[in-house]
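Subject: A structure for you to explore

Hi there,

Here is the structure I promised to pass on to you. Please open it and keep it beside you while you read my notes.

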Amino acid sequence: MPSVWLTIASVAIFATVCLPAAAGTPRCHGTANVMPPTTSTPRLVATVPNGKKFIAGADDDTFYVVHLWGTPYEMGFAQGLLMKEHFGQFQAMFQDYIDSIINSKLGKKLPAWLIALIEEFGVPLLLDWSYDDTAPFSPASYRDEMQGVADGANISVHFVRRLNMFPELTKAACTIVGANGPATPTSTIQHLRGLDFDPSVPFKDFAQVTVYHGVNGNPTVANFGWTAMIGALTGISDRAIGIGEKVWINHAKGIEGVHGQPWMSILRDVLMTRDMDEALATIQRANKTCAIHVGVGDSTTNTFRGVTMAKDAFTVYNDTSINYTQHPILKGIVYWDRHEQPSHDYCLSDLLKQYYGNITASTLALDVSPISRTGDLHSVTFDYEKLVAFVANARKTNVTVGDLPAYNRRFTRLDLKALFAEKPPSSGL
């Protein structure tokens with residue numbers, strides 16, 4: 001029973017937030033983002049053993065940068081302590097959002113027997129089932145980290161687990177662009193990950209870059225997501241291994257599963273690898289579940305690959321492997337737009353042609369993302385050589401000024417080298 005309605009629910013949730021573009025629509029609908037990115041250094045606001053909390057950005061477009069050290073449990077505990085004051089509001093907003101999905105959207109799309117189960121047990125049970133299905137296949141380190149978050153914040157670990165299972169069900173749309181070679185001024189990788197999901201989701205109020213500082217030769221990883229979100233859907237390491245994800249809609253039937261490792265924890269494992277070969281091998285051998293697209297970049301070999309993956313699927317694409325009418329081959333660029341593939345929208349390919357040879361992380365953030373209107377919830381770009389990121393998040397709930405989607409908010413330029421070099425705290429304050 002759980003496996004059946006997990007699949008139905010994930011499809012139904014996605015269907016409410018991003019439908020494929022209709023044929024014949026104008027090529028592009030958006031305009032460039034003319035607001036200068038914020039370049040100020042993140043401001044330290046709190047320190048605990050094994051953790052530091054900063055605020056980055058400016059005015060109404062701030063977000064947290066949380067640095068963590070230690071064992072997985074110690075990292076989780078430090079994050080819980082640092083973000084403790086936010087969890088009460090986060091839990092209430094998350095529950096209200098789940099209730100609104102059921103009442104206004106899913107209730108019209110699910111069979112009567114499933115609606116009855118939801119009314120009797122609620123969505124939390126759906127998320128609990130998802131956790132139970134995946135826990136035996138997940139590394140103990142991720143479970144330890146979630147327990148640490150709960151203990152540090154003095155909240156139920158069930159909330160932390162449910163929060164981390166939400167992306168496992170919804171997956172979301174998104175855009176992936178990885179450009180190098182003749183497509184860029186420096187020939188090095190420039191990467192866009194536009195996260196297209198309902199920008200009213202409360203995650204936007206708790207946007208966070210979590211920096212996991214490696215020890216004993218392990219990489220340091222910057223995870224672009226939200227408070228208490230353990231897995232990765234957008235991220236980069238100090239070895240400049242980067243990832244970004246998008247849902248895979250029109251896949252063959254029967255290739256997905258629920259008994260495996262959550263895709264977000266697989267992608268965080270990828271961020272811990274040394275090069276492209278190891279990154280792809282990590283995905284291939286994982287006990288996979290959902291059907292998704294992934295963009296993977298590696299500065300060591302200066303390569304970018306696209307991957308389609310599911311429980312029973314694994315295919316790797318390069319810049320010449322994907323070719324259809326609205327998606328022409330562009331040497332040095334691996335890309336998928338926010339729509340169902342094959343896409344029927346020309347906008348992204350037109351933009352990539354327009355900026356070809358001059359594609360940078362800044363161009364992807366300020367021109368490609370807003371003009372193609374991708375990155376509703378967050379828009380993040382990486383320059384793998386300079387180790388610079390541009391990040392924007394959807395408008396917060398208590399903000400009434402400016403547009404809602406992230407791509408039309410003020411971006412912040414982050415110096416990733418400085419983030420990766422942050423020193424551990426000497427003591428807690």
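To start, is Cys-347 buried or exposed? Cys-347 counts as buried, because its relative accessibility is 4%; buried means under 20% relative accessible area, exposed means over 50%, and partly exposed lies in between, with a 1.4 Å probe and protein chains only.

A word on the background before we go on. This is a predicted model, in which local features need pLDDT of at least 70 and side-chain atom pairs count only at pLDDT 80 or more, while totals for chains, interfaces and linings use all residues. Residues are numbered from 1 along each chain as its sequence is written, and side-chain values use heavy atoms, with hydrogens and water left out.

The disulfide

A disulfide is a covalent bond between the sulfur atoms of two cysteines. Searching the whole structure turns up one disulfide (a pair of cysteine sulfur atoms within 2.5 Å). The partners are Cys-28 and Cys-347, with an S to S distance of 2.1 Å. Cys-28 sits in the loop between helix H1 (2–17) and strand S1 (43–48), and Cys-347 in helix H10 (residues 347–354), so the pair links distant parts of the chain, 319 residues apart. Helices (H or I, at least four residues) and strands (E, at least two) are DSSP runs, numbered from the N terminus. The torsion about the S-S bond is about 100 degrees, which means that the disulfide is right-handed. Cys-28 has 30% relative accessibility and therefore counts as partly exposed. Two other cysteines are buried: Cys-174 at 0% and Cys-290 at 7%.

Around helix H10

Cys-347 has buried company in H10, namely Leu-348, Ser-349, Leu-351 and Leu-352. Among the elements that cover the buried residues of H10 are strand S4 (175–179), strand S13 (333–336) and helix H11 (361–371). In the loop between S13 and H10 you will find Pro-342, which is joined to Gln-341 by a cis peptide bond with omega of about 0 degrees.

Nonpolar cores

In soluble globular proteins, nonpolar side chains tend to be buried together. A nonpolar core here is a set of buried Ala, Val, Leu, Ile, Met, Phe, Trp, Tyr and Cys residues joined through side-chain atoms within 4.5 Å. The largest has 92 residues, and those touching the most other members are Phe-203, Val-209, Phe-224, Val-296, Leu-414 and Leu-416. A second, separate core has 16 residues, including Leu-330, Ile-333, Leu-348 and Leu-364. Beyond its neighbours within four places in sequence, Val-296 is in contact (heavy atoms within 4.5 Å) with residues including Gly-242, Ile-243, Val-270 and Phe-304.

Two positive phi values

Most residues other than glycine have a negative phi, and most peptide bonds are trans. Ser-187 is not a glycine, yet has a positive phi of about 70 degrees. Look for Ser-187 in the loop between S4 and strand S5 (190–195); at 35% relative accessibility, this serine counts as partly exposed. Asn-302 also has a positive phi, near 50 degrees. Asn-302 lies in the loop between strand S10 (292–298) and strand S11 (303–310) and is partly exposed at 28%.

One last residue to click on is Leu-81, in helix H2 (residues 72–82). Leu-81 is partly exposed, with 34% relative accessibility.

Enjoy exploring!

Best wishes
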